[in-house]
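Visitor: Pick one part of this model and take me through it slowly, please. I'd like the contacts and distances spelled out, and then a word on what lies elsewhere along the chain.

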Amino acid sequence: MKALVAIAGLSAEQRAAEFSKPARTALVRAVKVTEISITGTRGFAKAEVTAGGLALAEIDGRTMESKLVPGLYFAGEILDLDGPIGGYNFQAAFSTGVLAGRNV
């Protein structure tokens, strides 16, 4: 975060809640334009895998609302949703988040 604040030309001493609108705009721009080069991995020993979570049969897939508790919505990695590696978990999190958000 400090690097992005520096790229945006802001003070790392200032709290984010105190940023002016132009400062927030500069920070958003820095987040969008900053390129991060991937130089390797931390190896198989540090690889992460998650599985389990709320059963999909208990969730309405059109709205992400719980079938057991009306008005309760779920999204992302709390769901028992597995797939191949390669960013699919991010897509699942974004997609289920949009569905839940649109239906709350």
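**A close look around Met64**

Guide: Let's start with Met64, which sits in the loop between strand S1 (59-60) and S2. Bear in mind that this is a predicted model. The backbone at Met64 is worth a glance: phi is near 70°, a positive value in a residue other than glycine. Buried or exposed, then, for Met64? Its relative accessibility is 6%, and because the cut-off for buried is under 20%, Met64 counts as buried.

From Met64 you can step across to Thr96. If you set aside residues up to four places away in sequence, Thr96 touches Met64, Phe74, Ala75, Gly76 and Leu79. Thr96 itself is found in helix H3, and with a relative accessible area of 9% it is buried too. What does the polar part of this side chain do? A polar atom of the Thr96 side chain lies 2.8 Å from the backbone nitrogen of Gly76. So that you can see where the label comes from: 2.8 Å falls within the 3.5 Å allowed for N or O atoms in a polar contact.

Phe74 is on the contact list of Thr96, so let's go there, given that contact means heavy atoms within 4.5 Å. Phe74 has its place in the loop between S2 and H3. At 17% relative accessibility Phe74 counts as buried. Which residues does Phe74 touch, not counting those up to four places away in sequence? They are Leu54, Ile59, Met64, Ser66, Leu79, Thr96 and Ala100. Notice that Met64 and Thr96 both turn up there, and that Thr96 touches Met64 as well. Those three residues therefore each meet the other two, with contact taken as heavy atoms within 4.5 Å.

Now slide back to strand S1, where Asp60 has its place. How far is Asp60 from Phe74? The two are 14 residues apart in sequence, and their C-alpha atoms are 9.7 Å apart in space. Asp60 is buried, with a relative accessible area of 18%. What does Asp60 meet once its neighbours within four places in sequence are left aside? The contacts are Glu65 and Lys67.

Arg62 is the partner to look at next. The side chains of Asp60 and Arg62 meet in a salt bridge, 3.0 Å from N to O. As background, side chains of opposite charge can pair when their charged atoms come close. The count of salt bridges in this model comes to one. Asp60 does something else here as well: its side chain reaches the backbone nitrogen of Arg62 at 2.9 Å. The two partners sit on opposite sides of the burial scale, with Arg62 counting as exposed at 65% relative accessibility and Asp60 counting as buried at 18%.

Staying in the loop that holds Phe74, have a look at Leu68. Leu68 lies between strand S2 (65-66) and helix H3 (88-103). Leu68 counts as exposed, at 60% relative accessibility. Together with Val69 and Leu72, Leu68 makes a nonpolar surface patch of about 260 Å².

Now for the rest of the chain. The largest nonpolar core has eight residues: Val5, Ala8, Leu10, Phe19, Ala23, Ala26, Leu27 and Ala30. Four of them, the largest share, come from helix H2 (residues 21-33). Apart from that core lies another, of five residues, and this one brings you back to the part we began with: Phe74 is one of its members, and Ile59, Leu79 and Ala100 are among the others.

Leu27 gives a view from inside the largest core. Leaving aside neighbours within four places in sequence, Leu27 is in contact with Met1, Leu4, Val5, Ala8, Leu10 and Phe19. Compare Ala6, which is found in helix H1 (residues 2-7) and counts as exposed at 54% relative accessibility. The C-alpha atoms of Ala6 and Thr25 are separated by 14 Å, with the two positions 19 residues apart along the chain as the sequence offset.

One last stop is Thr41, in the loop between H2 and S1. Thr41 is exposed, with a relative accessible area of 75%. The side chain of Thr41 reaches the backbone nitrogen of Gly43 at 3.1 Å. And how far is Thr41 from Gly76, the residue whose nitrogen we met beside Thr96? They are 35 residues apart in sequence and 24 Å apart in space, C-alpha to C-alpha.

Key: Residues are numbered from 1 along each chain as its sequence is written. This is a predicted model: local features need pLDDT of at least 70, side-chain atom pairs count only at pLDDT 80 or more; totals for chains, interfaces and linings use all residues. Side-chain values use heavy atoms; hydrogens and water are left out. Patches are made of residues with over 30% relative accessible area and no salt bridge: like charges are joined within 9 Å, nonpolar side chains (Val, Leu, Ile, Met, Phe, Trp, Tyr) within 5 Å. Accessible areas come from the Shrake-Rupley method with a 1.4 Å probe; for residues, only the protein chains shown count as cover. A salt bridge is a side-chain nitrogen of Lys or Arg within 4 Å of a carboxyl oxygen of Asp or Glu. Helices (H or I, at least four residues) and strands (E, at least two) are DSSP runs, numbered from the N terminus. Buried means under 20% relative accessible area, exposed over 50%, partly exposed in between (1.4 Å probe, protein chains only). A nonpolar core is a set of buried Ala, Val, Leu, Ile, Met, Phe, Trp, Tyr and Cys residues joined through side-chain atoms within 4.5 Å. A polar contact is a pair of N or O atoms within 3.5 Å; within protein, one must be able to donate a hydrogen and the other to accept it, and residues adjacent in sequence count only if both atoms are side-chain atoms.
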